[in-house]
Amino acid sequence: VNRSIYRLWNNTYTGGDIDTIEIKCETERNNEVIDNYRVVMIKNGVEMNMNKTCSAGQKMLASIIIRLALAEIFCASCKIIALDEPTTNLDHNNASSLASSLIKLLKEKTKPNGKPYQMIIITHNKDFYQEMLKNSGIEKFYQITKAIDGNQKYSKIDQLEYIYE
């Protein structure tokens with residue numbers, strides 16, 4: 001899992017203050033067997049707990065990266081992933097980098113002549129949406145909005161110029 005986290009983090013995170021993140025497991029303490037998992041950040045080979053030292057954006061990105069890595073490892077045959085507001089607390093550079101990483105992941109997971117990999121992303125971030133659409137080769141984007149009568153309305157989005165209502 002940590003190898004996948006390392007690859008995803010380094011392909012996504014644009015800051016220079018964290019080299020990578022890892023999941024650490026403490027299995028024994030005071031001759032007791034325990035399973036205590038924590039996420040650490042690593043800079044120049046030095047580990048630090050992320051819990052109280054990272055920004056909300058770094059924690060959000062770490063959460064997404066860990067979920068993607070776990071899905072990659074444990075759900076190898078699963079062809080769908082859903083992300084709800086993945087850019088919350090991310091600055092513009094990291095949101096753009098996340099979009100690029102997700103596009104790369106979609107391209108890697110969609111095999112020629114195979115079932116396409118599907119991604120459901122719930123977002124209000126127009127820049128993120130445009131980055132996902134631009135040069136991605138993604139076939140379809142749909143927007144779900146509430147119609148005047150209160151029912152849901154589905155629309156296919158084909159252009160970058162689309163303006164959110």
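How many residues does helix 2 have, and how far does helix 2 reach from its first C-alpha to its last? In this model, which is a predicted one, helix 2 has 19 residues and spans 27 Å between those two atoms, close to the 27 Å expected at 1.5 Å a residue.

Let me turn to what helix 2 does not show to the outside. Buried in helix 2 are Gly-57, Gln-58, Met-60, Leu-61, Ala-62, Ile-64, Ile-65, Ile-66, Leu-68, Ala-69 and Glu-72.

That brings me to the core. The largest nonpolar core has 34 residues, and those with the most contacts inside it are Trp-9, Ile-21, Leu-102, Met-119 and Met-132. At least two residues of this core come from each of helix 1 (2–12), helix 2 (56–74), strand 4 (80–84), helix 3 (92–109) and helix 4 (126–133), and the largest share, eight residues, is supplied by helix 2. If we take Trp-9 and leave aside its neighbours within four places in sequence, its contacts include Ile-18 and Ile-21, and also Gln-58, Leu-61, Ala-62 and Ile-65.

Finally, the packing of helix 2 against helix 3, where the angle is about 5 degrees and the axes lie 12 Å apart. Because that angle is under 35 degrees, helix 2 counts as roughly parallel to helix 3. Helix 2 makes this contact with Leu-61, Ile-64, Leu-68 and Glu-72, while helix 3 contributes Asn-94, Leu-98, Leu-102, Leu-105 and Lys-109. Sorted by class, the contact between the two helices has six nonpolar residues, one polar residue and two charged residues.

Technical notes: Residues are numbered from 1 along each chain as its sequence is written. This is a predicted model: local features need pLDDT of at least 70, side-chain atom pairs count only at pLDDT 80 or more; totals for chains, interfaces and linings use all residues. Side-chain values use heavy atoms; hydrogens and water are left out. A nonpolar core is a set of buried Ala, Val, Leu, Ile, Met, Phe, Trp, Tyr and Cys residues joined through side-chain atoms within 4.5 Å. Buried means under 20% relative accessible area, exposed over 50%, partly exposed in between (1.4 Å probe, protein chains only). Helices (H or I, at least four residues) and strands (E, at least two) are DSSP runs, numbered from the N terminus. Contact means heavy atoms within 4.5 Å. The expected span of a helix is 1.5 Å times one less than its number of residues. Axes are lines fitted to C-alpha atoms, for helices over the stretch in contact, and angles run from 0 to 180 degrees between N-to-C directions. Angles under 35 degrees count as roughly parallel, over 145 as roughly antiparallel, 65 to 115 as roughly perpendicular and the rest as oblique. Ala, Val, Leu, Ile, Met, Phe, Trp, Tyr, Cys and Pro count as nonpolar, Asp, Glu, Lys and Arg as charged, and the others, Gly among them, as polar.
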